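Welcome! This short report walks through the open and enclosed spaces of a two-chain model and the place where its chains touch. Please take a look at the structure first.

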Amino acid sequence: MSTVISAKNLTLAYDNGRNEIIKNASFEIRKGDFVFITGPSGSGKSTLLKSLYGEIRPKEGSLLVGGVEMRNVKARKLQELRKHLGIIFQDYRLINEWTVEKNIVLPLMIDGYPLDVQEAQAQRLLKHVKLSEHADRYPLELSGGEQQRVGVARALSKNPVVILADEPTGNLDEYSSNVIWDLLENACKQLQTTVLVVTHKMPTVFSLPYRHFIIESRGVYEVR
Amino acid sequence: MKSVRNHLMFILPLLAILLGIEFYQVFERVTKHYEEKLKTGYTMLVVAKKPITLATLKQQNEHIASLTPIKREQIVKEAAGNLDKQTQKEILSALPYFYNAGLDSYLGIQMLEKIKIDLEKLPEINRVETFGSSYSSVYRLFTFIRFLLKFFIGFMGIVSLLLIMKQMEIWRYEHQERMQIMEIFGAPLMLRSGVLFRIAFVDAVMATMITAGIFLYVKLSWVPQSNIPLLMQKQNVLFVISDIWVLLGVALGIVFVAVFSVVLSSTKGIKE
């Protein structure tokens, strides 16, 4: 399997490099991997994820995402890279003035897909996340679990190479959480999508047979 | 309802700026004609010992544009018409030469004084009368009105720009979340700001049309019944079609600057 994400001696920092969060981390993630990232609060889990979609520039070392070096990536290249990523947030980050259907096809809209393709993909994904009857509703009319399913559908809409999920079940009850885990596992197994999930839900991590990174004391350690 | 209010919050200050600009343009065109009339109507009196030419005066001061002799015979006839011909002839021979000197533009009092000094340096000239006081009162009133108008338009423009900046804050608040989400998913700047550009473009066109409508109404309906001779004479310059392009250009310029500032301030970029 080809390498999708590769970090070598990666250092991430805030405050113009003064506040180092992760130091000298090295790891590789291959196509089709499902990876959990856990660690104490403030350890740098979300920071690592943000560096993968280019919201934070690495201070030192190398970080390759889909072959793009994130340390010196230019805005236009980053824009292109992001079109191949599916991103899921703990607080869903849906566009509240858009319908569920429009939210789901946002990545297709950005890439200029024709309307009929957008519509067909939206219908397929709505069915997949069991929200077909909510297509014309607005995010704030849905429950938290339903909103996160919209977020997952949006992340899947362009069959991305990598899905980055930051505490995707952090605000959800157990039933909704299980639905989200199923959706992410299916994407990984059926589409060979690489999935990186930051979570603090350890029972889930231990119950699923996937790779597991722990971030602690500024280091990234693979424990499974 | 909220959408209408949002549009009005942007259209009204934009309208104030456009009305100010158009009012200034119209004022300049109308008063240019008035200024022209003042200029052509005004002459200074030049009294000379012997006949002089325009070229001689122009050499002394370039603002002299015309020179019309006042008929001395007419002066004698009016002043001493009841005297015998011999006396009239003697008076005529002793009388200096009088001229009306016209200027090339509407000049300030200081410039009039300079012209007087320049002309009086010529040995053949006895005296120059500028009629400064009456000229000055008209000129000062004219410049005062023009200053007041510019000040008022400038003040209105500043207040309107502040209101537009306030509206930009509201736009930023309303659209920031959406634009940032779109940015994370790789949307280019033009796509994530498309909604704002559409709103702003519509507002710019509407403000331009309302301004043009108001001035067209004034030109075609109000002025003919106003009984204000200056306006009635210059009805054709009150609003000209090319003004629409000026207004639209200004409106689009303002809205695009506004939208770009909102978009750029909402862009997260990459944290170093």
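## The largest pocket

Let's begin with the lining of the largest pocket, which is made up of 15 nonpolar residues, one polar residue and no charged ones. Bear in mind, as you explore, that this is a predicted model. The space inside this largest pocket comes to about 340 Å³. Of the 16 residues around it, those closest to the centre are B:Phe27, B:Val30, B:Thr31, B:Leu230 and B:Leu231.

Which elements give two or more residues to this lining? They are helix 1 (2–41), helix 6, helix 8 (194–222) and helix 9 (229–233), which belong to chain B. Helix 1 of chain B provides the largest share of the lining, with six residues.

## The second largest pocket

Next comes the second largest pocket, with a volume of about 270 Å³. If you would like to find its centre, look for A:Trp98, A:Lys102, B:Arg178, B:Val195 and B:Arg198, which are the nearest to it among the 13 lining residues. The names in that list come from chain A and chain B.

Here the lining divides into five nonpolar, two polar and six charged residues. Helix 6 and helix 8 of chain B each contribute at least two residues to it. The largest share, four residues, is supplied by helix 6 of chain B.

## Where the chains touch

B:Arg178, which you have just met beside the centre of the second largest pocket, also takes part in a salt bridge with A:Glu97. The closest N and O atoms of this pair are 3.8 Å apart. In total, the rule finds two salt bridges across the interface of chain B and chain A. It also finds one residue pair in polar contact there, with both residues at pLDDT 80 or more.

On the side of chain B that touches chain A, helix 6 (residues 132–184) of chain B gives the most, with eight residues. That side of chain B consists of eight nonpolar, three polar and seven charged residues. How many residues of each chain are in contact? There are 18 from chain B and 25 from chain A. Between them, the two chains bury an area of about 2,100 Å², and carbon and sulfur atoms give 60% of this.

## A cavity in chain A

To finish, let's turn from pockets to cavities. Searching the whole structure turns up one cavity of 30 Å³ or more. The space in this largest cavity is about 40 Å³.

Which residues line the largest cavity? You will find A:Lys83, A:Leu85, A:Gly86, A:Pro107, A:Arg154, A:Ala155, A:Ser157, A:Lys158 and A:Pro160 around it. Strand 6 (85–88) and helix 6 (144–156) of chain A each supply at least two of the lining residues. By type, the lining of the largest cavity holds four nonpolar, two polar and three charged residues.

Technical notes. Residues numbered from 1 in each chain as written. Chains lettered and ligands numbered in written order. Predicted model: local features only at pLDDT ≥ 70, side-chain atom pairs only at ≥ 80, totals over all residues. Heavy atoms only, no water. Contact = heavy atoms within 4.5 Å. Buried area = accessible area lost by both parts, 1.4 Å probe. Salt bridge = Lys/Arg side-chain N within 4 Å of Asp/Glu carboxyl O. Polar contact = N/O pair within 3.5 Å; in protein donor to acceptor, adjacent residues only side chain to side chain. Nonpolar A, V, L, I, M, F, W, Y, C, P; charged D, E, K, R; others polar. 1 Å grid on protein atoms, 1.4 Å probe; cavity = no way out; pocket = protein on both sides within 12 Å on 5 of 7 lines; lining within 4 Å. Points joined across faces, edges and corners; volume = space filled by probe spheres on them.
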